[in-house]
Amino acid sequence: MKKKLFVYFHKIREQLWFRPLLFCLASVGAALFAHQADGTVLDTIVPSIKTESIKGLLDTISSSMLVISIFAVASMLSAFASASNTATPRSFKIVVTDDLSQNALSVFIGSFIFSIVATVALDNGFYGKSGTFILFLFTLSLLVLFILTFLRWVNGISRLGRLEHTISQVESVAAKSLATHLKKPFLNALPITNPLSDGQSVLSNYVGYVQHIDMAALQAFAKEKDLKIQLNCLPGDFIHKNFAITAFAATKNFDLDEITKHINDAIHVGATRWYEEDPRFGFIALSEIASKALSTGINDPGTAIQIIGSHERLFFLWNESAENDQTNEILYDCLTVPEISMADFFNDAFRPLSRDGADNIEVMLRLQKLFKSIETINHKDIKKMAFQYSMEAYHRAEQAMEFKPDLDVLKKECLFHQ
């Protein structure tokens, strides 16, 4: 049940209507709440407010908010299309959940609903002296909120959907996901040290990407049935119906059908990957933007170089993690979890770049400088993979570049040439 609620909330949170709906409900509540002040001590304190003055403000809000809301939606749709076309379709989820745009749309639509409800209530004599005054304060506050939100939104909408801003948004989401992974690389469970080679396998009931694993539910079930469960998949992995998602060892008789059902219920599978729990997906999206920029139809090496800078900042999160000496807190001692190999991160980040930019000296030089930079991180796997990929990237360039002096310059920047 908990997993279903989490997945459902995650899905509706990404919907464009979710935040505006919450603000609309709050607006209706505020318009009706003002009536609660009537008949209280406020009647002897607050000044009398003419309903005509409030109606004038409410009419202004209602007549302008609907037009501005339509304009906002049109601008956002244009930005979404631009992000998908100029960057990568994988960036759409990030752009559509942009806080600035969703908050602005929420305020615009919520203000319109508030003005309609308040106007109807005023016309029917719903408010007394205190209620009218409180409604007047709410209306003024909403007007100030609208003006500030509109000014902030106008400043931000000029960047929404632009390639540079989209790259920044993807990098930010990737950094959050990676930082979470570095804090709990094994999802607060134990790492796999002795694989259950003779354990009973549990096959997946679904085909798709692992989006979320309910570790608490798996731990509770393992405790109840006295099981040791080894996970064979992580968020971001693609699985199928013949894939052994887990292996388990039992100390007593067990019902395989029951265990299969509970384990499959705890592992949510969907058609797409989620950025929040998949630390590799951000690297993939950034690399897709770089590959698109390096295509012959676009030919924009500057964007690829910008992406390399994003990758460099992301890899230095390992350096920060080492400095903070973070350890994996064990909350689920009945579960063991595989490790994401450093080779996977390097493949996601640098294989597309070194392949598609192999014939561009500027891109390849920046890539080699990145390898020299991240090789200084105090992490043995990063040092090893940086050296390996420096060599692979050079060999790709060797086959793609025809101008030998460029290759000579590139070779001097390679790690293996130091």
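Me: Which residue stands opposite L203 in strand 6?

Reply: A244 does. This is a predicted model. L203 and A244 face each other where strand 2 (residues 200-203) meets strand 6 (residues 244-250).

Me: What makes strand 2 and strand 6 a pair?

Reply: Count the bridges. Pairing takes at least two of them. Strand 2 and strand 6 have 4 bridges, so they count as paired. Their sense is antiparallel.

Me: How do you know that strand 4 and strand 6 pair?

Reply: Apply that test again. Strand 4 and strand 6 share 5 bridges, against a requirement of at least two, so they pair. The sense is antiparallel here too. In this pairing, K228 stands opposite A249 of strand 6.

Me: What is the strand order in the open sheet of 3 strands?

Reply: The order is 5-3-7, with antiparallel pairing.

Me: Why are strand 5 (238-239) and strand 7 (267-270) said to stand at the edges?

Reply: Each has a single partner strand. One side of each is therefore left without a neighbour in the sheet.

Me: How do you know that strand 3 (residues 208-213) pairs with strand 7?

Reply: They share 4 bridges, in the antiparallel sense. At least two are needed, so the pair qualifies. Two positions show the match. H212 stands opposite H268 in strand 7, and V210 has V269 as its bridge partner in that strand.

Me: What packs on this sheet, touching strand 3 and strand 7?

Reply: Helix 9 (residues 256-266) does. Its direction makes about 60 degrees with that of strand 7.

Me: What makes both faces of strand 7 count as covered?

Reply: Look at each side. I267 and V269 are buried on one, and H268 and G270 are buried on the other.

Me: How many disulfides does the structure hold?

Reply: It holds 0.

Me: How do you know that the sulfur of C233 is too far from other cysteine sulfurs for a bond?

Reply: Take the closest one, in C334. It is 18 Å away. A disulfide needs sulfur atoms within 2.5 Å, so C233 and C334 form none. The view from C334 agrees: its closest cysteine sulfur, in C233, is also 18 Å off.

Me: Why is C233 called buried?

Reply: Its relative accessible area is 0%. Buried means under 20%, so C233 qualifies. C334, at 9%, falls under that cut-off too and is therefore buried.

Me: Is H311 buried or exposed, and what decides it?

Reply: Its relative accessibility is 0%. That is under 20%, so H311 counts as buried. The residue belongs to helix 11 (residues 301-324). Setting aside neighbours within four places in sequence, its contacts include F283, L286, F350 and L370.

Me: Why is N299 called exposed?

Reply: Its relative accessible area is 56%. Exposed means over 50%, so N299 passes. N299 lies in the loop between helix 10 (281-293) and helix 11.

Me: What makes the phi of N299 worth a remark?

Reply: The sign does. N299 has a positive phi of about 50 degrees although it is not a glycine. Most residues other than glycine have a negative phi. D226 also has a positive phi, of about 55 degrees, without being a glycine.

Me: Why is D226 called partly exposed?

Reply: Its value is 39%. That is neither under 20% nor over 50%, so D226 is partly exposed. The residue sits in the loop between helix 8 (215-225) and strand 4 (227-231).

Me: Why is S341 called partly exposed?

Reply: S341 is at 30%, between the cut-offs of 20% and 50%, so partly exposed is the right label. Its place is the loop between strand 8 (332-337) and helix 12 (342-356). D381 is 40 residues away along the chain, yet the two C-alpha atoms are 8.7 Å apart.

Me: What makes E392 partly exposed?

Reply: Its relative accessible area is 32%. This lies between 20% and 50%, so the term fits. E392 is part of helix 14 (residues 380-400).

Me: Why is the crossing of helix 2 and helix 5 called right-handed?

Reply: The term describes a near helix turned clockwise from the far one by less than a right angle. Helix 2 passes helix 5 in that way, so the crossing is right-handed. The contact has 14 nonpolar, 6 polar and 2 charged residues. Helix 2 (residues 18-33) and helix 5 (residues 99-123) pack at about 30 degrees, with axes 8 Å apart.

Technical notes:
Residues numbered from 1 in each chain as written. Predicted model: local features only at pLDDT ≥ 70, side-chain atom pairs only at ≥ 80, totals over all residues. Heavy atoms only, no water. Axes fitted to C-alpha atoms, helices over the stretch in contact; angles between N-to-C directions. Nonpolar A, V, L, I, M, F, W, Y, C, P; charged D, E, K, R; others polar. Contact = heavy atoms within 4.5 Å. Buried < 20%, exposed > 50% of the residue type's maximum accessible area, 1.4 Å probe, protein only.
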